[in-house]
Amino acid sequence: MRKLIKFELRKILTKRLMLIAIAAVILLSILLGVSISQSMYAFDGTSNEGTGQTAISIDKSIVAKYKGVLTDEKVQQMMADFKPKSDLHGMNAVYLYQNAMQSAVFARFSDINGDWNGLSVADVFENEKIKVGYVNGWLCTSQNMAKVSIVLSLVIILMIAPVFSGEYDGVDNIILTSKYGKTKCGTAKVMASLLATLLVTAFVVITNIMIAFMIYGGDGLDCSILFGPLAFTEGYIPFNITCGTLLKYQVLLAFTSAASVTGITLILSAACKNQMVAYVASVAIYLLPIMMPIAETDLLFKLIVLMPFYHSQYISIMSVEQMGNGMLYAVWAIPVAIILITFGFAVSCRVFAKHQVS
Amino acid sequence: MELKTIELTKMYGSKTAVNHLNITLSNGVYGLLGANGAGKTTLMRLLCAIQTPTSGKITLNGKKITGLGEEYRGLLGYLPQHFGYYSDFTALDFLLYVAALKGLNEKTTKIKVKEQLEAVGLSEVSNRKIKTFSGGMKQRLGIAQAMLNDPRILILDEPTAGLDPKERVRFRNLISAFSKDRIVILSTHIVSDVEFIAGEIIMMKSGQILHSGKPQEITTEIDGQVWECTVPTNCVDQYTTALNISNSRNIENNCTVLRVIADCAPMTNAVQVRPNLEDLYLFYFKGGNNQ
């Protein structure tokens, strides 16, 4: 069996197209990581202003002044420190961006003129303890990872689609007449597919995290995602979790997405006579949930977000109400992935064994 | 060992590829002859259990092959008419992969792969990628993979297609040496390939067995119906249209000797000759197809 898995793994991972696709995902990760950090801007309200690494340094130095749990005093201090010094010409101050901390506090505690809107920390966050820190970098990283995870899923489909259907080009004759062709070979194919998926996903996830550490350092991992800049307020995860927890969930979801996609693709790979058809059908199923106009209040939404696309996209599944034990609904992605991969294993092996050679 | 088909039928929609076929195969080499569409490949696929019969069954020593599963496939070696390969695999990789599929252990794999590469004359190029191989080399690789597990039942669909004469002789010798205590079934259009090595010829037409028997005996069917006659070379075309000609050979003085299959002497100078398998094939498949 080990020998068969090794051969199947080799067939999956050594295709030139696959190597190019994996390299492209890594390149995309680097480009996204670098470009988003380069486009960052920060102004400390006095003399320091800059983009890229300079902006990150300015943001970090500003954040250092307010580190710790968010209090009403800190909010007042921030409002005073960041009060607009020039005429906004009618622009709502909430949308003003000087630096990450200013944007975070204005998004929640400012009126349209940049004055305090009268809300207290308790009014905005109820009883939650909000730990303030440099979270902008990690929040941007998580957004990048979502994009990368979606592309990665498409690459995984490309990788898995030929596992069974690729054999229908003529090697099926030989495989299915060999002793283990209808038994162990199918199992080896599924095991190798899952292994290849996990390896590629791990490689991409580690690359993304390393890029983030290199650009932003480890600051902010223990701080709340709820006190991020304006871009991370509306429609973002509404729970008081740290960036570290967000990262852990995202890594988990990247793997569950990859495993779920593998399960679905294996079934289609075994059922379709042509690898291109298997690829297109798998992509269609993967992207189908985003075509379905279901409101977040709809009960069906709770099921739809369990589809692999939403594992990659992460925000929707992580925004569903928390479970009783304080865990996020997103942990349901684990049983979904297990079910899909098990189902994929059973169905694809059976379909392949019963395949009629033509 | 006895491989038996009982009322075996395979239909593709309304077309019947194999029609209520009853055949019993025991140890020996069987040459399957028939025009395109006669049902040879379908019969072979059914015997290999890679197609499910519409009705009827196949048994090995009285047991249905579908129930035998791995046990049956472990006895099987199959060379399909057209087979795919992995372009990035070398010949050696491919055989190692097939050996793993056939469940050979490490030691046997080493011995068998080396042995088969030598037997088909691919030892020198075993580390070359298959995509660089010629058609004949790929065919030889196909033969090697089929024989890798020392199969008790060897099924070869058009094994000599793409092989040059020297390779065909090597193949015949290989099969002759291999066939003892085994069932070897090979289909081909090239009558001479089976004429020398097959112990029994099975002629198929429209999914049914038209005729079967030993090569020497089977031709007696058309005894007295094969003639040789000498005609002027410039008249050959008109004879070709009018007669069932199995062979023509130019000789001196602008003359051609025609080998004709006919119930009675096609012309006055016709001389009766002993029929061979090719004559019999043409006798049954005059049109060159399955009509």
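**Exercise 1. What distance separates the centres of domain 1 and domain 2 of chain B, taken over C-alpha atoms?**

*Solution.* Keep in mind as you work that this is a predicted model. Start with the division of the chain: domain 1 of chain B covers 2-219, and domain 2 covers 224-273. Next, take the two centres over C-alpha atoms; they are 37 Å apart.

**Exercise 2. Find the radius of gyration of chain B and set it against that of a compact globule.**

*Solution.* Begin with the extents: along its principal axes, the C-alpha trace of chain B spans about 70 × 45 × 35 Å. The globule rule is 2.2 Å times the number of residues to the power 0.38. For 291 residues it gives a radius near 19 Å, so the 21 Å of chain B agrees with a compact globule.

**Exercise 3. Work out the strand order of the open sheet of 4 strands in chain B, and find its edges.**

*Solution.* Chain B has 11 helices and 14 strands to choose from. The open sheet is ordered β2-β1-β4-β5, and its pairing is antiparallel. Its edge strands are β2 (15-26) and β5 (63-64) of chain B, each of which pairs on one side only. Now look at one edge: β4 (residues 55-60) of chain B meets β5(B) through 2 bridges, in the antiparallel sense. Here B:Thr59 sits opposite B:Lys64. Finally, add the helix: α1 (residues 40-47) of chain B lies across β1 (2-12), β2 and β4 of chain B, at about 60° to β2(B).

**Exercise 4. Which residue of β13(B) is the bridge partner of B:Thr230, and which is the partner of B:Arg249?**

*Solution.* Take β11 (residues 226-232) of chain B: 7 bridges join this strand to β13 (residues 255-261) of chain B, and the two run antiparallel. Within that pairing, B:Thr230 is matched with B:Val257. Then take β12 (residues 244-251) of chain B, which is also antiparallel to β13(B) and joined to it by 7 bridges. B:Arg249 has B:Val257 as its partner. To close, follow the chain from β12(B) to β13(B): they form a hairpin with 3 residues between them, and B:Asn253 in the turn has a positive phi of about 60°.

**Exercise 5. Describe the side of chain A that touches chain B.**

*Solution.* Count the residues: the contact takes 21 from chain A and 24 from chain B. In chain A, α1 (2-13) and α9 (172-176) each supply at least two residues of this side. By type, the chain A side divides into 9 nonpolar, 8 polar and 4 charged residues.

Key: Residues are numbered from 1 along each chain as its sequence is written. Chains are lettered from A and ligands numbered from 1 in the order in which they are written. This is a predicted model: local features need pLDDT of at least 70, side-chain atom pairs count only at pLDDT 80 or more; totals for chains, interfaces and linings use all residues. Domain bounds come from an automatic or database domain assignment. Two residues are in contact if their C-beta atoms, placed from the backbone, lie within 7 Å. Ala, Val, Leu, Ile, Met, Phe, Trp, Tyr, Cys and Pro count as nonpolar, Asp, Glu, Lys and Arg as charged, and the others, Gly among them, as polar. Two strands pair if DSSP finds at least two bridges between them. Axes are lines fitted to C-alpha atoms, for helices over the stretch in contact, and angles run from 0 to 180 degrees between N-to-C directions.
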